[in-house]
Structures are given as C-alpha cells and as structure tokens.
Amino acid sequence: MGSAAHDLKTPLSILNGYVELLQSEKLGPLSERQREVLRDMQASGKRLQQFIQDFSPTAPSNRRLKMHYATGNINQCLSDVCRLWSTRFQERDWLFTSCE
C-alpha cells in the first residue's frame with residue numbers, strides 16, 4: 001500500500017494545486033457555478049487525501065486497524081451528496097427531485 005499511496009499522492013497534489021490556482025482567479029474570472037464546482041473538487045480532493053493518509057502503512061493508526069463508530073448527521077451527509085449530484089442528474093435528464 002505504501003507504493004500505491006505514494007503513486008496517488010503525487011497526481012492528487014497536482015490536481016489540488018490546479019484547483020487552488022483556478023480559485024485564485026489568476027487565470028481569469030470565474031462564474032458562481034465554476035466557483036461551486038471548484039469548491040466541490042477541493043472538498044473531494046481533501047477527502048481523498050485523508051483516505052490515502054488513513055490507509056498509508058506508515059500512519060500510526062495502521063499498526064493495528066480498528067473500527068471506530070461515531071454518531072453523525074445523516075441529513076447533512078445526504079444533503080451534501082444530493083447537492084453534489086443533482087446537477088449531473090438534471091444534465092442527463094434523469095428523474096430527480098430537488099433535495100430542498
């Protein structure tokens with residue numbers, strides 16, 4: 001997993017760098033929709049970065065993996081998924097009702 005983690009970190013770092021560059025608007029102004037997409041990309045990149053770190057064999061927690069259960073807000077989770085995918089569903093004319 002160590003090699004795989006390293007192989008994933010490099011392109012992810014490059015993608016995150018491009019997202020930050022675009023968000024800075026140094027390459028030109030962005031529409032609100034473009035800003036929203038970049039925020040989604042940044043959040044997904046951070047999530048993936050955390051997954052890679054969590055499963056890295058050098059992570060202290062991976063000396064012995066244990067399941068950790070915690071309560072969470074399922075409504076917020078579903079709302080995030082809905083917001084992320086609703087536009088994509090609508091673009092494909094798939095049946096989808098708004099989460100709001």
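A salt bridge here is a side-chain nitrogen of Lys or Arg within 4 Å of a carboxyl oxygen of Asp or Glu. By that criterion, Glu25, Glu32, Arg35 and Arg39 are linked in a network of salt bridges. The coordinates come from a predicted model. The network is a good place to return to once the overall layout is clear.

Start with the fold. The chain has three helices and zero strands. Read from the N terminus, the order of elements is α-α-α. Of its 100 residues, 15% count as buried. The chain exposes about 8500 Å², and carbon and sulfur atoms supply 58% of that area. Now take the contacts between residues at least 6 apart in sequence. Of these, 38% join residues at least 24 apart.

Next, helix H1, which covers residues 2-23. Two of its residues make a useful pair to look at. Val19 is found in H1. Its relative accessibility is 5%, so Val19 counts as buried. What does Val19 touch, leaving aside its neighbours within four places in sequence? Its contacts are Leu38, Met41 and Gln42. Helix H2 runs over residues 32-55. The C-alpha atoms of Val19 and Arg35 are separated by 9.9 Å, with their positions 16 residues apart along the chain.

Ile14 also sits in H1. At 47% relative accessibility, Ile14 counts as partly exposed, because the partly exposed class runs between 20% and 50%. Ile14 belongs to a nonpolar surface patch of about 480 Å². Its partners in the patch are Tyr18, Leu21, Leu22 and Leu27.

Now back to the charged network. The structure holds four salt bridges. One of them joins the side chains of Arg35 and Glu25, at 3.0 Å from N to O. Arg35 lies in helix H2, while Glu25 lies in the loop between H1 and H2, so this pair ties together parts that are ten residues apart in sequence. Arg35 is partly exposed, with a relative accessible area of 28%. Glu25 also counts as partly exposed, at 28% relative accessibility.

Arg35 has another partner. Its side chain meets that of Glu32 in a salt bridge of 3.6 Å, N to O. Both residues lie in helix H2, three residues apart, about one turn of the helix. Why does that spacing matter for direction? An α-helix has 3.6 residues a turn, so residues three or four places apart point the same way. Glu32 in turn pairs with Arg39, at 3.2 Å from N to O. Arg39 is partly exposed, with a relative accessible area of 42%. Follow the links and the chain of partners is Glu25 to Arg35, Arg35 to Glu32, and Glu32 to Arg39.

Last comes helix H3, residues 74-91. How far apart are its end C-alpha atoms? They are 26 Å apart. At 1.5 Å a residue, the 18 residues of H3 should span 26 Å, so the two values agree. H3 also has a kink of about 40°, centred on Trp85. Which residues of H3 are buried? Cys82, Leu84 and Ser86 are. The buried residues of H3 pack against helix H2.

Notes:
Residues numbered from 1 in each chain as written. Predicted model: local features only at pLDDT ≥ 70, side-chain atom pairs only at ≥ 80, totals over all residues. Heavy atoms only, no water. Patch = residues over 30% accessible without salt bridge, like charges linked within 9 Å, V, L, I, M, F, W, Y side chains within 5 Å. Areas by Shrake-Rupley, 256 points an atom, 1.4 Å probe, with all protein chains shown as cover. Helix = DSSP H or I, 4+ residues; strand = E, 2+ residues; numbered from the N terminus. Buried < 20%, exposed > 50% of the residue type's maximum accessible area, 1.4 Å probe, protein only. Contact = heavy atoms within 4.5 Å. Expected span 1.5 Å × (residues − 1). Bend = angle between axes of the 7 residues up to and from the residue.
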